[in-house]
Amino acid sequence: MTSQAVALYVHIPYCLAKCPYCDFNSYAARVWPEDAYADALLAELAHATREGVFPRGTATSIFFGGGTPSLFAPRTIARLLERAARELTLADDVEITLEANPGTVDEERLAGFVAAGVNRLSFGIQSFRPELLLALGRRHSVEDSVRALGAARAAGVRNLSLDLIYAVPGESLDDCAADLERAIEIAPEHVSAYNLTYEKGTALYRELQEGRVDPAPEELEVAMFHLVRDRLADHGYAQYEISNYAQHGREARHNQAYWRGTPYLGLGAGAHSFVPRDASDDATSYGTRWDTLRDPNRYMEAIRATGCAVASREELTRTQAMGEACWLGLRERRGVDLDRFAARFGTPLRDAFPHVGQLLADGLVEWREPHLRLTTQGLLVADSVFASFQ
Ligand code: SF4
């Protein structure tokens, strides 16, 4: 019998500098306590799997995110993966992704990650235009990106993803088209294209409040969204989630695990974990989620003391779990699986959320049996559709 599919996330919180738009749990550092932090990750993994906190299932994906995981040495990544293979079963075709910053890698380092077991690299390219990189406060150059992507191929990486950001202050539709052309020329297997957002607490948000930055007008954002979708579709990249595009079969399995309610264990400072539960489990909780202390030093201290650094834990009610299944499912272009929803919660989705009738009438969602999905119009106001399920 095959064990339950699970996903593992490993958070590396250090970066060379803090980008002004970034609201991730990341910290600028010139040096970082790599061995001590890796020790903490290993202790947290052992605690979670041996104390029954997290099921010892079969990992179908492992994701090193951050922060800038490519700052860590390949030997550290190898050490973490070796232990993961002991604490969990790794699927034969496990997807192992590492996020990389173009300015931090060369071919030797990338080959080291591949030798450690990494089989997918996700590069934070953001733009191929120097003025837009400057506007985003990125430290890497266009040349760094081109060099790093070439080095990744030379190191044997066959599954490459690029992150792009559009609607950057000062960016025109032609700039956006030029970025897409460069990305398509490089022929990665996967592209994530995000509309720049101004998150509270970031330096960019403060600049916006102080009138020091001129955000892209909404019509331009919408035009760029359509341009991204159309250009990528023309070149064989299907939109499978609001901001994610892939060649056939190259969808990010790790993100799909989040959207589909697969149990995931997040290791590291500020990481989130989730273990779902079905109605058949005879429980009032429909799942448990927790996160860990955000400050890396406090996280390491807590792990050293007890093996655990949980900051908050929450049991999901049936109503919460049903809402979450909907808005997470709607992120994917295929939509929410209606049969799975009914099997998990013992009720059809249209009965659980009668307001779906209004969303249908407004043209924001559509039935594509056996799924309910966002329409193109719904994609543009996805956050408000999601909020209606919360
Ligand atoms: S490199 Fe990435 S994680 Fe680090 S500060 Fe910039 S956007 Fe945030």
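**Exercise 1. Two alanines with unusual backbone angles**

Ala 187 is found in the loop between α6 and β8 (190-195); determine from its C-beta neighbours whether Ala 187 is buried or exposed, and do likewise for Ala 167.

*Solution.* The structure is a predicted model, and the steps below are worked on that model. Begin with the backbone of Ala 187, where phi is positive, at about 60°, although the residue is not a glycine. Next, take its surroundings: Ala 187 has 12 C-beta neighbours inside 10 Å, and because a residue with 12 or fewer is classed as exposed, Ala 187 counts as exposed. Turn then to Ala 167, which lies in the loop between β7 (160-166) and α6 (173-186) and has a positive phi as well, near 65°. Here 20 C-beta neighbours fall inside 10 Å, and since 20 or more is the condition for burial, Ala 167 counts as buried. As background to both cases, most residues other than glycine have a negative phi.

**Exercise 2. The packing of α1 and α2**

Work out how helix α1 is oriented with respect to helix α2, and state which residues make the contact.

*Solution.* Two packed helices are described by the angle between their axes and the distance between the axes. For α1 (residues 34-50) and α2 (residues 74-87), the angle is about 10° and the axes are 11 Å apart. Because angles under 35 degrees count as roughly parallel, α1 is roughly parallel to α2. On the α1 side, the contact is made by Glu 34, Ala 38, Leu 41, Leu 42, Leu 45, Ala 46 and Thr 49, and on the α2 side by Thr 76, Arg 79, Leu 80, Arg 83, Ala 84 and Glu 87. Sorted by class, the residues of this contact comprise 7 nonpolar, 2 polar and 4 charged.

Thr 49, which is found in helix α1, can be followed further. Not counting residues up to four places away in sequence, Thr 49 touches Phe 54, Arg 56, Glu 87 and Leu 88. With 19 C-beta neighbours inside 10 Å, a number between the limits of 12 and 20, Thr 49 counts as partly exposed.

**Exercise 3. Two cis peptide bonds and their settings**

Locate the cis peptide bonds that join Gly 66 to Gly 67 and Glu 369 to Pro 370, and describe what surrounds them.

*Solution.* The bond from Gly 66 to Gly 67 is cis, with omega near 15°, and Gly 67 is found in the loop between β4 (58-66) and α2. Both glycines are among the residues around the ligand, a group that also includes Cys 15, Lys 18, Cys 19, Thr 68 and Asn 101. By class, that shell has 4 nonpolar, 6 polar and 1 charged residues.

The bond joining Glu 369 and Pro 370 is cis too, with omega about 5°, and Pro 370 lies in the loop between β16 (365-368) and β17 (371-374). Pro 370 is in contact with Asp 337, which, leaving aside neighbours within four places in sequence, is also in contact with Gly 329 and His 371. Asp 337 itself belongs to strand β15 (residues 336-337) and, with 19 C-beta neighbours inside 10 Å, counts as partly exposed.

**Exercise 4. The nonpolar cores**

Which residues have the most contacts inside the largest nonpolar core?

*Solution.* The largest nonpolar core has 82 residues, and those with the most contacts inside it are Leu 8, Ala 152 and Tyr 166. Beyond its neighbours within four places in sequence, Tyr 166 is in contact with Glu 171, Cys 176, Ala 193, Asn 195, Leu 196, Met 224 and Val 228. Another core, of 18 residues, lies apart from the largest one, and among its members are Val 336, Leu 349, Leu 372 and Val 385.

Conventions
Residues are numbered from 1 along each chain as its sequence is written. This is a predicted model: local features need pLDDT of at least 70, side-chain atom pairs count only at pLDDT 80 or more; totals for chains, interfaces and linings use all residues. Axes are lines fitted to C-alpha atoms, for helices over the stretch in contact, and angles run from 0 to 180 degrees between N-to-C directions. Helices (H or I, at least four residues) and strands (E, at least two) are DSSP runs, numbered from the N terminus. Angles under 35 degrees count as roughly parallel, over 145 as roughly antiparallel, 65 to 115 as roughly perpendicular and the rest as oblique. Two residues are in contact if their C-beta atoms, placed from the backbone, lie within 7 Å. Ala, Val, Leu, Ile, Met, Phe, Trp, Tyr, Cys and Pro count as nonpolar, Asp, Glu, Lys and Arg as charged, and the others, Gly among them, as polar. A nonpolar core is a set of buried Ala, Val, Leu, Ile, Met, Phe, Trp, Tyr and Cys residues joined through C-beta atoms within 7 Å. A residue is near a molecule or strand if its C-beta atom, placed from the backbone, lies within 6 Å of it.
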